[in-house]
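Student: Could you take me through one part of this model slowly, and show me how far I can trust what I see there?

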Amino acid sequence: MTIREDFSTIRFAVSCSSNMNRSMEAHLMLSQRGFNVESYGSGNQVKLPGKSADTPNCYEFETTTYDFIYNDLIQKDKSYYTQNGLLNMIDRNRRIKEAPQKFQLTNKEFDVIICLEERVYDQVVDHLHSRPEKSGNPVHVINVDIVDNAEEATVGAFAILDLCSRLSQCDDLDAEIDDVLGEFEANPNRKVNNLLHTICFY
Amino acid sequence: MDKFVEPIEDTATVAERVSKAIKEAHEAANVDDKLKLLEDAADILINNDQSAHLLDSFCEEMLEFVDNPQFTIKCFVVSFIQRACLRDPEVTKKAITTLSALLSIDRQYPGASRIIRRVIIACTNIYPSIIQWAVRKKTDLEAGACWEAFSILKGRILQLIDNDNEGIRTVTLKFLETIVLAQSPRPVKDDAVSGMEMISLEEKSRHELVSLTDVPRDHRFISYRKLQIEADENFKSLLNQFTLMHLSAQNLLVLINVVCNIAKLRSGWEKTLERIMDALEVLHVNLPPTLGTSQVKSVRKELKFHLFRLLKMPAAVVIQQKLITLLTDLGASASEVNRNLPPNSAMLPKRGRRGEAAEETAKRARVEAKIEDDEYPDESAAGPSTSSASSEPSQLTAIDVTAQWIYERLNPQLVTNLVLISLVTFPEEMPAMFASSYTPIAAAGTENQKKHLARMMATQATQAEIGPGFEQMKAEKLKRMQDRIEARKQGAVIAPTPYVNRDTQPEPSGSKKSEAKLPLPTFTAPKPKQQFNLISSVQKMTKKEMSEVFDHLYHRIMGAERRAIQGGAIQQQNLLLVIRASRFQSNDEHFEDLLINYIIEEHKQRTELALLYLTEIYAQYQGFSHIHIPLKQLRDHGMSKSQLYERYDRILCKMLKNLTVRDLHRETIFHKLLLESPTVTPNSVVYLKEFSALGLTTLRELILTRNRQRLELIDLLFSLGFHDKPDKLRQSVVDIVKELWELSYLREDIRNKLREQIECCTLDVPPRHFQTLLEAPNKWTENIYRNALHLYLALLQIDTTLLMPLAVAYAKGPIEFKRIVLRLVEPVVKTIGVQNQEMLDLVAECPLGAETLILRFVHLITERNPPTRELVDRVRSLHATRNTDARGMIPILSGLDREDIVNLLPHFVLNSSNQKFVQVVIKRLLTGKNPDTLEPTITGEDLIFEYHKLEPREEEERKMHVENLSELLDSRHIQKDHIAAAIEKILELDVVPPLFYHTLTVVDKKFPSLDSFISNVVQKVILRELWKANDETRKAFFRSIIQLRSVAYAPMLTEFRGDEFLEFVEYAGNQIILDLRDFYPTLSTSQRRSVATEISDKVRDKDAEEKQRLKAGKDGKGSKENKEKEKDKDKEREDDRENQEQEREAMRESRRNKEQQKEVGTRFAHFECADLKRQNCIHFYQNNMFYF
């Protein structure tokens, strides 16, 4: 079955490493503003900080639901995870969608993929270059570094919202994106870290 | 609607579902609903139809939606075409036109660029499958046509590589990639196998679907060779893109991506890897200066990414060293490089020289190419593919040569100098590219680093077109260009060469070689380009430079016509040419001439351009468009409206003139200029004058279409009637004027013009347009009059309202004019009927002075048709009021009543100047039918009667009266009975005119059978003593007796009294006596008896009687008795005679008395005794019934 194409709106995807914090924050903010958006992680596993640095909580993408993780963490240490805000975040996530998704596993096509970390950008680009070209539709992959913590995620989400608003105001995205990114980067009110942009083809 | 259709559903049901969905989609008001329904239909057609024939049958219905104005629907159609073509390439046949149409969609349409992009993407996707399909359908003609169509489409897409829309360029680059991949040979197997591990993921993509290897050499419509050349040239043009300074970051990324893809998939083809490596090296040190920091970072990242991927390929060992150097420059660590080396690279050193494998591959490819070429020896002769393969490394050599040259000179002293000089020229800010690319040099001063540095400098030098290697490269470039032109000639579709903005004034190549020039400070390091700064980068140009640039530019735009057509941008090209030539004040005429000459050179193709140009100039004249004028000059240079009009006029005339000079006036453009330009100036129309037939047709069209200039144009048309050229033209003018006259909206104008023209004929001097070159100036000639009248009279035939103006002009005009008019009107007026109301009005309201013309008209129109009552009345009243010439009445004689005829008769009979009409008049009177009674108004009898009643006053008239009598009596229409009746009637007059006696002689000559009647008449005349009325009648009577001779002798002898006889003899002379003597014996005895004695004495030939008697005596033996008897008899006779004389006298008296009583019955009695045929009598009786 083919995926129905949408000719009128820009299809956004935001991707961080685990599809938990940064991408979900942006996902929420963008979807609340009516954007057509999906969120993904690009890492091998969903990794959440554990009680110590060397014992992260790892889950499988797609098959593990946010609900499951939520309950799992409650079971592990409810007060600890409540305190560091993790439960709160997962609770928000499970109200947005069912489970964390891995970018490399999706068949959907997007117009713009926003990566929130250079490593994620590399993975996404690598994935897009490695898959056989099918439809030939171009996709813009943009990187904006956001530090992986709750505050930065929120601040970063606003930056992403700004970027997406600018992009969606374009008459012709493919022709204007260079200029939009230039303006976005040059905005004195906000420092954009490590802006990267490339174009790939599905 | 749910998307799934059970596969077991039969075809009919599925078709029903599809048609239902399409129908609903047609009806759906909401775009989203429509789209949803269409998606469903498409889904069934493409994914759920097993047989694929549904797709074929519904395809066109789906394609129809492209006409929907909605952007999304159009996009959907493109997407549908893509999917459908992939499913079944047969669909391409139908879809190709839709794709073409969408590609040339109006740029004003919202989202046009996105639609174009989608079309290109769709083409990118379906192209490989189309090749595959076309290869299969060798014999299908339709497929051939489809392939041709797609080739054209391909060409148009490739033109978009220069499009100003970045997005379109992006997808065009991808399209180029597909072309190159699909039209180049697949690498040989073991290479592919070795590369398979790396590119295993690509194997399913469209790039793997088809390659040049799959195309048979002997294909009917696909030229293997053309595809090969196309791929090669397009690959070169891709590489050339790298040199573009204005390339955006986005497209640079795409370009890297595309080129590296090609490198991966076609590693063994035409030294791809080396060429790409070379291009990437150049790119690395020459990133476009317009890139921002993050863009430079992105590009370098992308470059690094792709280089790593290339590095992984076993086939890339040839360029491994260069890859590693470049990667190191890009900031890759040694461990990263090592990690990405191909797994078997460790084996390579064992095999001896590095790159052996690759060389082998290359060798194999060459051998293969050679074998292939051997099969086609004719192609190998100048095969660009092989030559280009060998030529490509020459650029490499160029850099190598320069690198070696620099390397030899890199000593510490020179380097120090270079550094010192470059310190001065450093920019204020560190350029973004330098910042991101700078890495501390780890192995400074080593041989390797020196070589690398020399190479980097050499790259820059070659880019800047200097250095010993450059010459080589230049020659090579020239060759490449020739190859390209050659390839184009063979029909290959190649993306246009990017325009590289180099220094405007390349120095002569000879001076480049001087050593002093080379060690320029700018070569010291791979110095990053400065960030673009508009203010510092631009320099004010001098006016001369500016105009030169404009000039060059203009020529260049003009030269790009073919490309513009290919790319569907001909309108823009035309627009540019027109705007430059028309909207800038300075140098106006120069560009004007350029453009006009340009148009005329290829006038067939450039008619639209010409019209566009004129329209623009006209728009400026009307103020819809403006001429750009610098503000400070505004006051001086603003053109007034009249100047603008003059300019329009000048340009239009110039075009027409140039066409005329080149003898191109028969071409369409000449006529289109006049027909379709916004307005036609009087000066321009004159050009039409030169060329007869064709020009006239155009002029006619102009008159029909150019409302506002109609009068001028009609003037022109009319003036053509005075042209010196042969009559054929004049006739054409007449035909056209007639044709135009038929149109009601033109009729009045034509009429007015005709009236004006005829009025002009009365002027003293002919108007300017009447005069031809051959005639003496300002003088009327017959020719001019004829020309003026020719057209007028031709129209007169169909438009009789023109009669009156003609008559008015005639009245006023000079004699010469009148003469010509009278001569020329004949054939025309004849065709006008007697019934014509205008003609009647004209006769009724005849302008003073035009009577002759009117009468001529009347004459002409009645020549064939009898005059009508209306006409007769009008002519008669005209005659009455204007006292016109009696001749004018001839045509209507038959319509006049008897009284008029009688009044008219003397005007002809007794008028010396009208003598030649007498016959006509008589004929008309006798044959013409009265419009009321349909019988002649006057019978022959009456006419004769009336004729005799005429009273000539002078001798001359009398003579004519007599002479014309024979005209009357000779007429075919006068019968004996007419004459007889007329004579009877005349006899009844109180005074019988002297002519009457002459008549008798004439009648006698003409109708000898009437002799007894005439002698009767004579007898009557004598008995009634009519001849005695006056002296004249006496003489006339005597004359007639003399002439009638024997016919009159009898009554004369018998009825004349002695004194009368003496009078006669006195008049006639004694000669008559002899005559009478001869006659006397013929009288019967009874007649003799009635002869008066005096007369008989005179006329008796006594000698003869004596002789007779003697003769009789001899016969009777001459006896005495006989003689005595004779004597007795004589005596008796003598007595008898005396008695008889008395009797006779008494009888004569009584007859005379009787005659004088004029009894009606006598008429008939005479006829009884006359020797007339019985039939005639009856006829006469019938005709004269009314007398009884």
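Tutor: Happily! Let's start with residues 346-395 of chain B, where pLDDT (the predictor's confidence in each residue, from 0 to 100) stays under 50. For this stretch the model has 51 contacts beyond four places in sequence; two residues are in contact if their C-beta atoms, placed from the backbone, lie within 7 Å. Where pLDDT is low, the predicted coordinates should not be read in detail.

This is a predicted model, in which local features need pLDDT of at least 70 and side-chain atom pairs count only at pLDDT 80 or more, while totals for chains, interfaces and linings use all residues. Residues are numbered from 1 along each chain as its sequence is written, and chains are lettered from A and ligands numbered from 1 in the order in which they are written.

Now compare the elements of chain B: helix α17 (residues 377-380) of chain B has the lowest mean pLDDT, 37, whereas helix α8 (residues 166-182) of chain B has the highest, 88. Helices here are DSSP runs of H or I with at least four residues, strands are E runs of at least two, and both are numbered from the N terminus. Chain B has 61 helices and 0 strands.

A further stretch to treat with care is residues 499-528 of chain B, where pLDDT also stays under 50 and the model has 35 contacts beyond four places in sequence. Across chain B as a whole, the mean pLDDT is 75, and 80% of the residues reach 70 or more.
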